[in-house]
Structure formats: C-alpha cells, structure tokens
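Take a slow look at the model below. Start with the whole fold, then move in to single residues.

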Amino acid sequence: MSYSLSYIERSVEKLPINVVEDQSVGAKMMAEIIAGIIKQKQAEGKMAVLGLATGSSPIKIYQELVRLHKEEGLSFKNVITFNLDEYFPMSPEDAQSYVYFMHKHLFNHIDILPENVNIPDGSLKIEDVSSFCSAYEAKIEAAGGIDIQVLGIGRSGHIGFNEPGSTVNSTTRLVKLDSITISDAIKDFGDEKSVPHRAITMGVATILGAKKIILAGWGKGKSAILKKMIEGPVTPEIPASFLQLHKDVTVFLDAPATSEFTRTKEPWLVGVVDWTPRMVKRAVVWLSQKMEKPILKLTDDDYKQNGLRDLLVEYGGAYDLNIKIFSELRDTITGWPGGKPGAYEKTRPERPEPAIKRSIVFSPHPDDDVISMGGTLIRLADQGHDVHVAYQTSGNIAVFDDDALRFSQFAVDLLNNQGVKSPELEKANAELRDFLKNKKAGQPDTPYVKAVKGLIRVGEAAAGCRFSGVKEENVHFLNLPFYETGQVEKSPASEADLQIVIDLLRSVKPHQIFAAGDLQDPHGTHEVCLQIIFKAIRQMRAEGDKWLDDCYMWLYRGAWQEWDVEDIEMAVPISPDELHRKRKAIFKHQSQKDEPVFPGEDKREFWQRAEERNRTTAQIYDQLGLTEYEAIEAFVRYPFDDEESFLK
C-alpha cells in the first residue's frame, strides 16, 4: 500500500529512483532501455555490451527481452554479455548454476551467438581462478567496456557478490559469501550445507566502469537495505552505496520496496504531502510514538516542532485531530470478527447480520491459517459461525526428507503389524529410501515422495482444524497445480488454478473471505495464491454472482510481517488463554516444528514469530492510549469497488 507524495527533496535520496506500479511494469521499462541500447548499437554497426545479473529481480526483465525478440524482432546477434558472478565451486550443468539460470531465462530463447556469452566459470580449479579473473577483466576491456549493467541488490547490501567490506577499487575475484547471502540461498539449494560459501564476482570497480547502470529492487523485504543504499552514506559496509559515485544510475522500485524510505514513513519531513485520510493517521501515530505519548496527550507544540504544522491548520488544532484519530483506531477493535448480533453501530468493522456467517479462510500453505489468524479462527468457531478452511497448496516441499522416510516406513510397518502384506507399498518405500539416499541438492522429488510429504501436511492441517473447532467437512485441500513442481520454483498460475478457487467459492458462497495479504514469504507463494483469489472474484463479479454483493474480504498477515497500525481496519483482541490455544493449534503442524525447511531470515519457530507480532500490535495500541490486551490479530478489508484508492 503506497501513499501520495506531491514533492520530495533531492537531498534525502542520493540516487535517482523510479517508483513503478508493479514489478512487471518496471521490468518492461528496464527491458526497453536495454533494447534501445542494442538497437542504437545496431544502427551504428557496433556491438552492444551488456552486464547481466541473476536472482529473482531480473527474471521479468529477461522475459520481456525474450518477448521483444519473438514478437517484435529484436535481434541479439550484435550483443556481447558478461554476467556478474557465479557460485564457486559450481558445475555449469547444475540447476543452481548461473549458467543454467541464464540459458533457462534468456539465452535459450534469443539469437545471441554462443561465443558472445561470458559467465564466470565456477568449475575451475582453485589455482586457476586468479588468472581467469584477470582474463575476464581483460575481455570486458577488449569489448569496449560494459554499455549497460543490470543489477539487483542482496539483503547484505551486495551488488554482484561484492559483500560488506568490499572496496571501491575491487575487480573480478573470488570472494567469501556473507551469512545473510548464504541464508537467502537456502531456498534454492534445499539446505545450508549445499550452498557454496564462495563465489567469483565482478568487482565494484568493474561494475562502476559500466557506462549506464539500472538496478531493480522489488518488495518490502528489500526496503531496509535499499534505504541504506539510497539515503545513507557511501560505505564499504553497504557495497551498493558505491553506486552513488556513478554518474548514470537509475533505481527501479515497486511501492513496497520504498516502505522504509523517508518519503514513505515520514514524508512530511522532506516535502509537501497530499494529506489523504491514511496519511493523516500515519502521521499522528508516528508523532505519538516519537513523543512517547498517548494520542490524546499530543499538543499543538508537538505537531509544530515535528513538521506537522499544516495538519493543525487543516483540522483546527491538536484536540480535534487527536480525538478523530483515536476514535478511528478504537473503532477497529472488535471481539466479534464475524460481527456482533444485534449491534448496529456503523463503526464496527463487520456487519451484525446474518448472525451466523459462512466464513472461508484461505491458507496458502497448510499452516498459514493458524499461524497468522489462529486466534480469530478459533473465535469464529467458538461464536458459532460456519467456518471453512481452504488450503491452497500442498506445502509438500516444506517437509524434510527424513520425515517422508519415517512416515513411509510407518505405513509399511503398520500394515505388517496388522498382518497385511502390500508388495507395491513395500517396493515404493524401498525406492523412496534409495532416492532420498542419493538425492542431489535441488533435485525434484518423485511423485511418491511428493505424495507422502503432501499427506503429512494434510494430516497436520486436519488436526489443526479439529483443534480449532472447524468441522471436518469444511476443510478443503485444493492442491493448486501451479505449486506441484517438486521444486522451489513454481509454474505460473493457470486457468486450472483459477477454476478450482471459483468452484469452491461458488459452492460455499461465503459472507466473509479471509486471505493472506502477507507477501513476504521467501518463495512468492502467498502472492500467487492471493492474486488467484482476486482474479476469481473479479471474474465472478463480471459473471453476475450476486452473493458477492454481501461478501467482505479480509486480508491477514502475521507469519512474515504485520500490517502498519494506520492500515488496520479490524483488530481482534486475543486473550492469554486464546493465545495459548493458538499456539497449540500451530503445534499440530509437527513437520514445521522446531526448525522448518524454509525458515527465511527469522530463525525462530513460527509460533514464536506469530506471538511476538501479535503482542507487538497489542503493545502499540496500548502505547497509543487504547485498551491494553495480551495480543491482537490484525486485518485489512480489501475494497473491490475501490481497488485504486486501496493501492494509494
């Protein structure tokens, strides 16, 4: 969710940035810049030299370049490419290699000459690396230097694999990877021991030698490091900050990537603000927290001394403004997430009627429901609502191989214990053991292994629902096809995924839809699942499904991030007993207990993360001067009739 800012002072942001509508728009703009340079060089009869990056950020750029080649005739025959980096050691044939990545996403689909493709060689002997690096630098120089360098940024602040401590004069070399970089790579390699701890990378000086640089930064998870790169000082501790020394850099960001920027968090400190209702609430909450005062104790002087004088002019002073924002926050709090029967106050988040609602909770993975809104789920069931839970994906890749082996062997042992022989199952179990024993990093699971892992998660999710009071017949396992690749990288969502969700919604016809608005999960599954729901609802509305006229959609977070207080529209208090019940519901997901396969940057268990976020939200409400609660789960209502304003 972004905010409107009319003017920004250049002194705060030390690099030019372009905030785009979404990643696809930004990728298209960046691809057009690259294509323009290629065409210009073609017209001059020269070679275009491209510096290319890997990782998730440039994938959409390469997809657009492929489209330009196939649909608009963009030729790459006059293009020479130099990739930034490669893991070491790494065979070019490995699925995790950047050779594999580049051919998969770009080179296999365009007419570039193979001899013009240059990628650091991760298969070299260690004693040959130094001479290779020198030759790589010489080859770039012989090509006339890099015309345009494409970059992403790592959470450590690296560009290429120039980790913290890299110097501005560094050139292509072998480096040791930062622990943050290694942690982020686990999702691609399966476990930490499989991630190479070194890499060959272009140096900072090599990158700064490019004539033009474009950098893509997507998502809230990158916002903190992007802020340091753009607003902070030039320092070897943030190698990306060296880009401030280059004369032609443009940074392309989506709105979530600016969430930690001054322009987003405190825009009144740097420019003239368009005071939308959300922005006003953000400013008052910010001032209350800065002054360490409850909202109702803020004074005119507090506003004047902190860049908010114009708010006093618009609202007639601190007294009236304080009461307005305090009342808006108070009205978000409800112990009745399904609506309180007979209560007709217009300020309540949910409608009182019908008294018993059909509620459907969409859970991207088989535990997001209890992790992110387990207290609310239990409350809905306790208050007698007809609660359905829909698990959108199987979550099978998030089960450890040893768990699959244990459960498969248990099935064989159980049958044997009961005097039942199943040669087919015993054969499948033996094949599973052999496969897992010889499984390589990143290798997709066999159908049987995926089935075992999927059933483990089905059993856990069903147990969690039983404990939460959800009827057995109201638990739906959708197993959306886009997820079933057996790998971290998923297929694009398809019509089959869409139709499964539409069929369920039309079957249940809910009064409430709860869906994951937490888009910071490491693999993007949450966002894909959410967009499928959005698309399903838009299609059904277009096709005249009248039941949608009386349906609210609530977005929850909690597993990876939480809503900002100024955005919360329904805050459900959780008592100490309910928080304990929520924890026990999470514990039903035993395969995710202690240490999940994909923990992300937060190494704590999911129940610990969830409780910390829920307690923090309650503490913020308390500090703002509202009622003190043990914990709070937060929701934002998605307005399909006014989607444009929601995004501002």
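**A walk through the model**

P354 sits in the loop between α12 (318–330) and β11 (358–363). Look at the bond just before this proline. The peptide bond joining E353 and P354 is cis, with omega about -5 degrees. Keep in mind that this is a predicted model.

There is another cis bond to find. It runs from F88 to P89, and its omega is near -5 degrees. Where does P89 lie? P89 is in the loop between β4 (85–88) and α3 (98–105).

Now step back to the whole chain. The protein has 21 helices and 17 strands. Its radius of gyration is 27 Å, close to the 26 Å that the globule rule gives for 648 residues, so the protein is as compact as a globular protein of that length. The C-alpha trace spans about 85 × 80 × 45 Å along its principal axes.

How do the parts of the chain touch each other? Take the contacts between residues at least 6 apart in sequence. Of these, 76% join residues at least 24 apart.

Next, consider the inside and the outside. Of the 648 residues, 55% are buried. The accessible surface comes to about 27,700 Å². Carbon and sulfur atoms account for 51% of that surface.

Charges come next. The protein carries 78 positive and 97 negative charges. How far apart are the mean positions of the positive and negative charges? They are 0 Å apart.

Turn to the cysteines. The structure holds zero disulfides. C465 is in no disulfide, and the nearest cysteine sulfur, that of C529, is 16 Å away. A disulfide needs two cysteine sulfur atoms within 2.5 Å, so a sulfur 16 Å away cannot pair with that of C465. Is C465 buried or exposed? C465 is buried, with a relative accessible area of 0%. C133 is buried too, at 4% relative accessible area. The cut-off for buried is under 20%, so C133 at 4% and C465 at 0% qualify.

Some residues sit at the surface instead. E71 is found in helix α2 (residues 59–72). Its relative accessible area is 59%, so E71 passes the 50% mark and counts as exposed. Now pick out T201 as a partner for a distance check. E71 and T201 are 130 residues apart along the chain. Their C-alpha atoms are separated by 34 Å.

Finally, check the backbone angle phi. E292 has a phi near 55 degrees, a positive value in a residue other than glycine. Which loop holds E292? E292 is in the loop between α9 (277–291) and α10 (300–304). With 74% relative accessibility, E292 counts as exposed.

K509 gives another case of positive phi in a residue other than glycine. Here the angle is near 50 degrees. K509 lies in the loop between α17 (495–508) and β14 (512–516). Its relative accessible area is 38%. That value falls between 20% and 50%, so K509 is partly exposed.

Put these stops together on the model. Cis bonds lead into P89 and P354. C133 and C465 are buried. E71 and E292 are exposed, while K509 is partly exposed.

Notes. Residues numbered from 1 in each chain as written. Predicted model: local features only at pLDDT ≥ 70, side-chain atom pairs only at ≥ 80, totals over all residues. Heavy atoms only, no water. Helix = DSSP H or I, 4+ residues; strand = E, 2+ residues; numbered from the N terminus. Rg over C-alpha atoms; globule rule 2.2 N^0.38 Å. Buried < 20%, exposed > 50% of the residue type's maximum accessible area, 1.4 Å probe, protein only. Contact = heavy atoms within 4.5 Å. Areas by Shrake-Rupley, 256 points an atom, 1.4 Å probe, with all protein chains shown as cover. Lys, Arg positive; Asp, Glu negative; His and termini not counted. Charge placed at Lys NZ, Arg CZ, Asp CG, Glu CD.
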